[in-house]
Amino acid sequence: MGRDDGTRGMADAGRDVVGPMVLGAWDAFLEQAAAVDLDRPTRLPGWRAHEVCVHLGCWPDHAALADLVASAQAGGAGTPADVDATNARVTATHRDASREEVLAALRRNREATERYLTEEPVELDAAPAVSTVGRLPMLSVVLGQAYELAVHGLDLVPLGAPPVPARVLDAGLAALADVTGALAASSGIAGGAALVTPGGGWVFAADPPGWTVRPVGGTRPRGAVVEAAADVLLEAASGRTNPAAALVRRRLRVRDLPELMRLAPIVESAPGIPGGPILALAARTVGGAGDLLGRFRGRR
């Protein structure tokens, strides 16, 4: 996806829109991390709050944002990193880091994000960078932090952290819509869906080679709709909640499964994508694409 590929989702919205969403997510997560005992286990197998925070931090041996900027400056050359192997290495290396060191690493990553937004040339926002799920515009990669911070913020709530603010959940859904639209466009898939919450949500539509992302307006969107509370949508998208069980319990509703099914092949090309479990649910429910959920990698 280069700079002349037409619409580019949230990258077209620009830093004035994306910046506050991402930095607000960082501020909320920093407050959450400061409120919990980092030695307490989370619902992620083998991970304490310590590991959750360590892998989100910026360390001398792990500066993910700097690597992404370098990738964008080089025109998006290279291949996606193995995110599971990277997480395992970083968390093992810093397993014994002190609480102060872990919180400082989180602040460094927030500061690195703010420096990107204020100091790097705006032209870099549309440049492709090699993310863990493929080539995305650099500003979309930056926004992707909001998804990760929202989901991991939900991981910390059972440990006594403050609730994830509604604006952060909404930013996480915007990032989810953006990356799904981008991957659909890059895969040559025309289609889209709405992620609808009681407070609004986001609609994405891929029209290769571009895609659009917009907030849900006052009228109910047409086509494929995945509807739930914002936290339920994020937990289903990240695999924290089984989307099939949420569907049975009516905590999650899906409209026009065949339309959603058009997006399911994305899971084959990027098994660890955010939203993979929901797309896999569509494939299993409609049939004809096999059990894609079994292919979904155990992303954190």
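**Close-up views of a predicted model**

**View 1. Phe-29 and its surroundings.** Leaving aside neighbours within four places in sequence, Phe-29 is in contact with Val-52, Cys-53, Leu-56, Leu-106, Leu-149, His-152, Gly-153 and Leu-156. Please keep in mind as you look around that this is a predicted model. One of those partners, Cys-53, is buried, with a relative accessible area of 0%.

**View 2. The largest nonpolar core.** Let us step back from Phe-29 to the core it belongs to: 94 residues make up this largest nonpolar core, and Phe-29, Leu-106, Tyr-116, Met-138, Leu-260 and Leu-263 touch the most other members. Helix α8 supplies the largest share of this core, with 13 residues. Another core, of five residues, lies apart from it, and its members include Val-196, Val-203, Val-216 and Val-225. As a general backdrop, nonpolar side chains tend to be buried together in soluble globular proteins.

**View 3. Leu-169 in helix α8.** Here we visit Leu-169, which is found in α8, the helix of residues 166-186. Is Leu-169 buried or exposed? Leu-169 counts as buried because its relative accessible area is 10%, and the cut-off for buried is under 20%. Its contacts, once neighbours within four places in sequence are set aside, are Leu-154, Val-164, Ala-230, Asp-231 and Leu-234. For a distance to check in your viewer, try the C-alpha atoms of Leu-169 and Gly-201: they are separated by 9.7 Å, with the two residues 32 apart along the chain.

**View 4. The two sides of helix α4.** Helix α4 covers residues 64-73, and its buried residues are Leu-65, Leu-68, Val-69, Ser-71 and Ala-72. Seen down the axis of α4, these buried residues fall within an arc of 160°, so they line one face of the helix. An α-helix has 3.6 residues a turn, so residues three or four places apart point the same way. What covers the buried residues of α4? The cover includes α6 (99-119), β1 (128-131) and α7 (138-156). On the other side of α4, Asp-67 and Gln-73 are exposed. After the helix comes Gly-75, whose phi is positive, near 85°.

**View 5. Arg-15 in helix α2.** Arg-15 is found in helix α2, which spans residues 15-35. Arg-15 counts as buried because its relative accessibility is 15%, against a cut-off of under 20%. A polar atom of the Arg-15 side chain lies 2.8 Å from the backbone oxygen of Glu-120. Not counting residues up to four places away in sequence, Arg-15 touches Pro-20, Tyr-116, Leu-117, Thr-118, Glu-120, Pro-121, Val-122, Asp-125 and Leu-139. Tyr-116 may ring a bell from View 2, where it is listed among the residues that touch the most other members of the largest nonpolar core.

**View 6. Two cysteines.** Cys-53, already met beside Phe-29, returns here with its relative accessible area of 0%. Cys-58 is buried as well, with a relative accessible area of 16%. How many disulfides does a search of the whole structure find? The search finds zero.

**View 7. The whole chain, for orientation.** To place the close-ups, note that the chain has 13 helices and seven strands. Of its 300 residues, 56% are buried. Among contacts with a separation of 6 or more, 74% join residues 24 or more positions apart. The accessible surface of the chain comes to about 12500 Å², and 52% of that belongs to carbon and sulfur atoms.

Definitions and conventions
Residues numbered from 1 in each chain as written. Predicted model: local features only at pLDDT ≥ 70, side-chain atom pairs only at ≥ 80, totals over all residues. Heavy atoms only, no water. Helix = DSSP H or I, 4+ residues; strand = E, 2+ residues; numbered from the N terminus. Buried < 20%, exposed > 50% of the residue type's maximum accessible area, 1.4 Å probe, protein only. Contact = heavy atoms within 4.5 Å. Core = buried A, V, L, I, M, F, W, Y, C linked by side-chain atoms within 4.5 Å. Areas by Shrake-Rupley, 256 points an atom, 1.4 Å probe, with all protein chains shown as cover. Arc of directions from axis to C-beta. Disulfide = S-S within 2.5 Å. Polar contact = N/O pair within 3.5 Å; in protein donor to acceptor, adjacent residues only side chain to side chain.
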